[in-house]
Amino acid sequence: MLKQFSIILGIYFLGELLQKAFELPVPGNILGMLILFFGLYTGVIKLEMIDRISDFLLDNLAFFFLPAGVSLITCFAVLEGKLTAVIGVSIISTVIILGVTGLTVEFVKKFLQRKSMKMAFSGKGKVTVGKNPGRIQVHERIQAHDKMQASEVIPSHDKIQVRERKTKEVS
């Protein structure tokens, strides 16, 4: 776990170093997240190298908002008189975030369904010749599609169980 934490911390400091060295207008922690993303995407960083610490940090994410909340209280004098504007902006931005998140999830779900449908109906796989080969192939393709959907459900369920086990191990 300490090794995984060191990897995350090293990437964070690398982002901070890049920001300071090149005086970039992007915060160092954002650069660190981009470095981590591209490391994971390219396979330089394997998921197994940071999975346990990532689960731990995500499970305790609310704890990391405490310093921001406390500093907001110390700046309450600055916000005095602007409370309705702050609340209004918070409500509007929350509604926008909810809408954009919902639309993004729907888009990704449709994209993944199209991808699995293309794989199921691509004609790849076992071809059976019988009395009515066209009808049999369609039936097999539907079965292949159902199997693919079932296989997509099981790994996500397994992932949830593995994550719960890891969380219990950490705590």
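Which residues does Gln4 touch, not counting residues up to four places away in sequence? Keep that question open while you set up the view. The model is predicted.

**Whole chain**

Start with a cartoon of everything. The chain has seven helices and zero strands. Follow the sequence and the pattern reads α-α-α-α-α-α-α. Now switch on a surface. The chain exposes about 13,900 Å². Carbon and sulfur atoms supply 71% of that area. Colour by burial next: of the 171 residues, 12% count as buried. For a contact map, take pairs at least 6 apart in sequence; 49% of those contacts join residues at least 24 apart.

**Stop 1: Gln4**

Select Gln4. Gln4 sits in helix α1, which covers residues 2-22. Its relative accessible area is 10%, so Gln4 is buried, the cut-off being under 20%. Now show its contacts and settle the opening question. Gln4 touches Glu48, Met49, Ile50, Asp51, Arg52 and Ile53.

Two of these partners deserve a distance label. Draw one from the Gln4 side chain to the backbone nitrogen of Ile53: it reads 2.9 Å. Draw another between the side chains of Gln4 and Asp51: this polar contact is 3.4 Å.

**Stop 2: Asp51**

Move across that second label to Asp51. Asp51 belongs to helix α3, residues 51-59. Is Asp51 buried or exposed? Asp51 counts as buried, because its relative accessibility is 17% and the limit is under 20%. Gln4 is buried too, and the polar contact joins the side chains of these two residues.

**Stop 3: Glu23**

Go to the loop between α1 and α2 and pick Glu23. Check its backbone torsions. Phi is near 50°, a positive value in a residue other than glycine. Glu23 is exposed, with a relative accessible area of 69%.

**Stop 4: the nonpolar patch**

Select Phe22, Leu24, Val26, Ile30, Met33, Leu34, Phe37, Phe38 and Tyr41 and show them as a surface. Together they form a nonpolar patch with about 930 Å² of accessible area. Which helix gives the largest share of the patch? Helix α2, residues 28-42, supplies six residues.

Zoom in on Phe37. Phe37 lies in helix α2 and is one of the patch residues. With 47% relative accessibility, Phe37 counts as partly exposed. Add Phe38 and Tyr41 as sticks. Ring pairs link Phe37, Phe38 and Tyr41 into a cluster. Phe38 and Tyr41 also belong to the nonpolar patch.

**Stop 5: Phe63 and Phe64**

Stay with rings for the last stop. How many aromatic pairs does the structure hold? There are four. Select Phe63 and Phe64 for a close look at a pair. Their ring centres are 5.9 Å apart and their planes meet at 75°, so the pair is edge-to-face. The angle decides the label, because planes over 60 degrees apart count as edge-to-face.

Now colour the two by accessibility. Phe63 is exposed, at 56% relative accessible area. Phe64 is partly exposed, at 45%. The labels part because exposed means over 50%.

**Selections to save**

- Gln4 with Asp51 and Ile53, for the side-chain contact of 3.4 Å and the backbone nitrogen reached at 2.9 Å.
- Glu23, for the positive phi.
- Phe37, Phe38 and Tyr41, for the ring cluster.
- Phe63 and Phe64, for the edge-to-face pair.

Notes: Residues are numbered from 1 along each chain as its sequence is written. This is a predicted model: local features need pLDDT of at least 70, side-chain atom pairs count only at pLDDT 80 or more; totals for chains, interfaces and linings use all residues. Side-chain values use heavy atoms; hydrogens and water are left out. Patches are made of residues with over 30% relative accessible area and no salt bridge: like charges are joined within 9 Å, nonpolar side chains (Val, Leu, Ile, Met, Phe, Trp, Tyr) within 5 Å. Accessible areas come from the Shrake-Rupley method with a 1.4 Å probe; for residues, only the protein chains shown count as cover. A salt bridge is a side-chain nitrogen of Lys or Arg within 4 Å of a carboxyl oxygen of Asp or Glu. Helices (H or I, at least four residues) and strands (E, at least two) are DSSP runs, numbered from the N terminus. Buried means under 20% relative accessible area, exposed over 50%, partly exposed in between (1.4 Å probe, protein chains only). A polar contact is a pair of N or O atoms within 3.5 Å; within protein, one must be able to donate a hydrogen and the other to accept it, and residues adjacent in sequence count only if both atoms are side-chain atoms. Contact means heavy atoms within 4.5 Å. Rings of Phe, Tyr and Trp (its six-membered ring) pair if their centres lie within 6.5 Å; planes under 30 degrees apart count as stacked, over 60 as edge-to-face and the rest as tilted.
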